[in-house]
Amino acid sequence: MKKLEQYWQSYIEKCPNISSTSESYEAHQFGDSSALADKLRALILKGVKTATCSALWEWEAEEIALPKVGSKTIVLDGDNNPLCIIETVDVEIRAFCKVDTQFAYEEGEDDRSLDSWRRSHWRYFSRVLPDIGKQPTPEMLLVCEYFRVVYR
């Protein structure tokens, strides 16, 4: 935790227009394994991955507020080390079956096509949703978040 707070403070010091009392952050890995976290963080750092999604059910199960425009997240690698800070620039709720080609491309994974997005995300949700007593469906709602890197 100390490592995260130090990283956050270094960000605050480089941004004179904000203070540690006016901003807050979340910190997490992307994906459901250390290996996937490392793969996805590399895409973020290259500027290839500028969007992410999660099932609305996950947010509800954890009783966490949805991200808002301006929300900051410290992205962690597979060993929980801070790598960068991203800022949410847009959030949309849409059904899995309504995710479009542009969002799949912005997620930056695999070949960036909608078909590969659907396959890989169906596998992902099939792994993580049973932990909260759910199974993926084409109509399940997703929290689709667009972001930009604001600090490295």
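1. Buried means under 20% relative accessible area, exposed over 50% and partly exposed in between (1.4 Å probe, protein chains only). By that scale, D110 is partly exposed, with a relative accessible area of 46%. K39 falls in the partly exposed class as well, at 44% relative accessibility.

2. The model is predicted: local features need pLDDT of at least 70, side-chain atom pairs count only at pLDDT 80 or more, and totals for chains, interfaces and linings use all residues. Residues are numbered from 1 along each chain as its sequence is written, and side-chain values use heavy atoms, with hydrogens and water left out.

3. A search of the whole structure gives nine salt bridges (a side-chain nitrogen of Lys or Arg within 4 Å of a carboxyl oxygen of Asp or Glu). Side chains of opposite charge can pair when their charged atoms come close. The points that follow take up some of these pairs.

4. One salt bridge joins the side chains of K39 and D110, at 3.9 Å from N to O. Because K39 belongs to helix α2 and D110 to the loop between α4 (101–107) and α5, this pair ties together parts that lie 71 residues apart in sequence. Helices here are DSSP runs (H or I, at least four residues), as are strands (E, at least two), both numbered from the N terminus.

5. A second salt bridge is formed by the side chains of E107 and K49, with an N to O distance of 2.7 Å. This pair also links distant parts of the chain: E107 is in helix α4 and K49 in the loop between α2 and β2, 58 residues apart. Both E107 and K49 are buried. The E107 and K49 contact is not to be read in isolation, for K49, E107 and E109 are linked in a network of salt bridges.

6. The side chains of R94 and E92 meet in a further salt bridge, with 2.0 Å between N and O. The two partners fall in separate accessibility classes. R94 counts as buried, at 13% relative accessibility, whereas E92 is partly exposed, with a relative accessible area of 26%.

7. Helix α5 has 15 residues. From its first C-alpha to its last, α5 reaches 21 Å, close to the 21 Å expected at 1.5 Å a residue (the expected span is 1.5 Å times one less than the number of residues).

8. The buried residues of α5 are L114, S116, W117, S120, H121, Y124, F125 and V128. Viewed down the axis of α5, these buried residues fall within an arc of 150 degrees, so they line one face of the helix (the arc is that of the directions from the helix axis to the C-beta atoms).

9. The backbone merits a remark at two positions. Most residues other than glycine have a negative phi. N80, which is not a glycine, has a positive phi near 65 degrees. N80 is placed in the loop between β3 and β4, and at 44% relative accessibility N80 counts as partly exposed.

10. R112, likewise not a glycine, has a positive phi of about 70 degrees. R112 is found in the loop between α4 and α5. That loop also holds D110, the partner of K39 in the salt bridge described above.
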